[in-house]
Amino acid sequence: MNKQYEEIDIKRIADFQSTLSHCPIHLFGLKREDKGDYIFTHSSGAMYDALGVSVRPAAGTKLYELHSKELVSSWTPQIEKAFSGETQTAEIEVAAHTVRTTLYPVLGENQVIGTSYMVSLKDQSESIRDNKFKQLFNHALEAIILCRSNMEIAEVNERACELLELSREELIGKNAETFFMKNGRDVIRKKWGEVMHGKKISGEFRYRTPDGYYKEIEYSCEKDMVDFLHVTILKDVTDQKLTEQKLLKAETLNVVGELAAGVAHEIRNPLTSLKGFVQLIQNQTDDFNQYLSIILSEVDRIEHIIKEFLVLSKSNSQNFELTCIEAIIKDTVDLLNTQAIMKNIEILTDFEDGIPLMFCDPMQLKQVFINFIKNAIEASSIGNKVDVTIKMCPHSKYVQIQICDYGCGMEESVLKKIGKPFFTTKDEGTGLGLMVSNNIIKHHSGKLDVQSEKGIGTKFIISLPVDKQN
């Protein structure tokens with residue numbers, strides 16, 4: 001009876017081996033002696049016959065005896081990963097055919113088992129499409145991130161790495177919500193729930209780079225775009241936001257300018273009459289002289305504000321001529337020296353040789369320099385100094401005028417507000433001086449930069465083109 005069962009088992013094994021030998025898939029096992037030296041432990045299947053390869057692998061055959069050492073070397077990284085416990089899949093070229101091979105590690109043994117089969121024409125076309133997608137993905141102009149349903153990053157392209165300033169290894173496996181500031185994480189979790197329900201979402205968030213800088217990033221997300229992964233496209237809109245802020249500031253200047261023209265003319269005429277009658281009363285009696293003097297002082301202050309308003313409204317009408325910028329600065333320094341001496345402050349000038357003549361409105365630029373140098377004197381402590389320098393900007397056609405004080409300086413929060421209408425740190429100021437000056441500089445196609453540090457001082461840097469001609 002036992003002999004009968006033994007014969008049946010032998011027959012079943014023989015039938016199974018016969019079936020395997022005709023199988024169009026190649027089944028095999030490999031063991032490792034040294035890295036790059038792999039030996040077949042078993043081999044079955046008819047795939048090599050279908051490929052037209054006459055030499056078939058047999059137990060004990062070394063892998064490089066069937067294939068070139070160069071080809072085996074190209075497979076080695078994936079084979080080694082399989083021996084380390086990771087299932088590996090690869091497409092390799094054998095006898096001018098594409099063969100897809102999967103390697104499965106045998107746990108606890110220095111072996112792997114594998115299956116190989118020829119890729120069909122359909123599979124090849126899918127592979128080609130996959131390769132084209134990968135090329136488009138990696139070389140896309142937009143930053144693209146593929147996320148799993150739990151918001152874990154599965155893949156990123158090169159542009160995303162550049163935008164976030166992190167490597168691919170640093171990004172993959174991270175949860176996407178970690179890139180949002182604290183208050184934005186609850187929002188993105190809620191929005192991601194909408195993505196999981198098939199809704200396309202978009203928005204903006206502020207991202208802090210590894211260097212500590214901030215970027216404004218626009219995003220859009222859509223579900224199941226690629227192999228059940230969800231696509232997120234990122235766009236850096238930092239420069240766009242800065243441009244919008246500048247346009248808003250320019251629009252504010254335009255509105256104030258238009259308002260200035262109307263208000264100034266409406267107030268100036270009755271103000272002239274009021275001032276005239278106050279002076280007439282003052283000449284006829286001394287009874288209320290103290291009060292009348294205060295009234296005239298306040299009227300003069302109103303007139304001063306109106307004049308600055310009118311500069312805003314008339315800043316487009318300029319009288320340009322070729323002028324020596326050093327002469328304008330010297331005249332301004334001479335004008336303000338008396339005020340500086342009263343505070344025991346020294347105005348030091350340093351002019352670079354060879355500064356060319358500039359095509360500008362001398363009176364308007366003089367007003368700019370008066371505003372800035374006067375501010376520097378008022379911000380300085382007794383016995384301090386103010387530096388005024390003129391030099392050519394390196395590699396450009398701009399003259400740079402720097403007015404630097406060593407006074408109290410400004411905090412960053414205050415620095416952001418200067419130049420806004422009626423914002424001032426002075427008790428008696430109007431907040432229009434810097435606004436007027438900035439407007440004049442812009443109409444000369446120039447640039448203004450203000451640098452300040454609390455307790456250190458403030459520097460106004462005015463850059464004006466030497467070739468502007470109107």
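Let me begin with a single residue, Leu229, which has a relative accessibility of 19% and therefore counts as buried, the cut-off being under 20%. Please keep in mind that this is a predicted model, with a mean pLDDT of 77 for the protein and with 74% of the residues reaching 70 or more. The stretch I would treat with the most reserve here is residues 120–129, over which pLDDT stays under 50, and for which the model has four contacts beyond four places in sequence.

Coming back to Leu229, this residue lies in strand S10, residues 229–236, and, leaving aside residues up to four places away in sequence, Leu229 touches Leu146, Cys147, Arg148, Ala154 and Asp224. Its separation from Ile153 is 76 residues in sequence, while the C-alpha atoms of the two are 9.5 Å apart in space.

Let me turn to the nonpolar cores. In soluble globular proteins, nonpolar side chains tend to be buried together. The largest core in this model has 34 residues, and the members that touch the most others are Ile325, Phe369, Ile401, Ile403 and Ile462. At least two residues each come from helices H11, H12 and H14 and from strands S13, S14, S15 and S17, with H12 giving the most, namely seven. If we take Ile462 and again set aside residues up to four places away in sequence, its contacts include Val368, Phe369 and Phe372, as well as Ile401, Ile403 and Leu448. A second core, separate from this one, has 25 residues, among them Cys147, Ala160, Phe179 and Tyr219.

What, then, do the two helices look like? For H12, residues 362–379, the 18 residues should span 26 Å at 1.5 Å a residue, and the end C-alpha atoms are indeed 26 Å apart, so expectation and model agree. Its buried residues include Leu365, Val368, Phe369, Phe372 and Ile373, but also the polar Gln364 and Asn371. At the start of H12, a side-chain oxygen of Asp361 comes to within 3.2 Å of the backbone nitrogen of Met363.

H11, residues 325–342, also has 18 residues, which should span 26 Å at 1.5 Å a residue, and this agrees with the 26 Å between its end C-alpha atoms. H11 nevertheless bends by about 45° at Leu336, a residue that is itself buried, as are Ile325, Glu326 and Ile329, among others. The cover over the buried residues of H11 includes strands S11, S12, S13, S14 and S15 together with helix H12. After H11 comes Asn344, whose phi is positive, near 55°.

How values were computed
Residues numbered from 1 in each chain as written. Predicted model: local features only at pLDDT ≥ 70, side-chain atom pairs only at ≥ 80, totals over all residues. Heavy atoms only, no water. pLDDT = per-residue confidence, 0-100. Contact = heavy atoms within 4.5 Å. Core = buried A, V, L, I, M, F, W, Y, C linked by side-chain atoms within 4.5 Å. Buried < 20%, exposed > 50% of the residue type's maximum accessible area, 1.4 Å probe, protein only. Helix = DSSP H or I, 4+ residues; strand = E, 2+ residues; numbered from the N terminus. Expected span 1.5 Å × (residues − 1). Polar contact = N/O pair within 3.5 Å; in protein donor to acceptor, adjacent residues only side chain to side chain. Bend = angle between axes of the 7 residues up to and from the residue.
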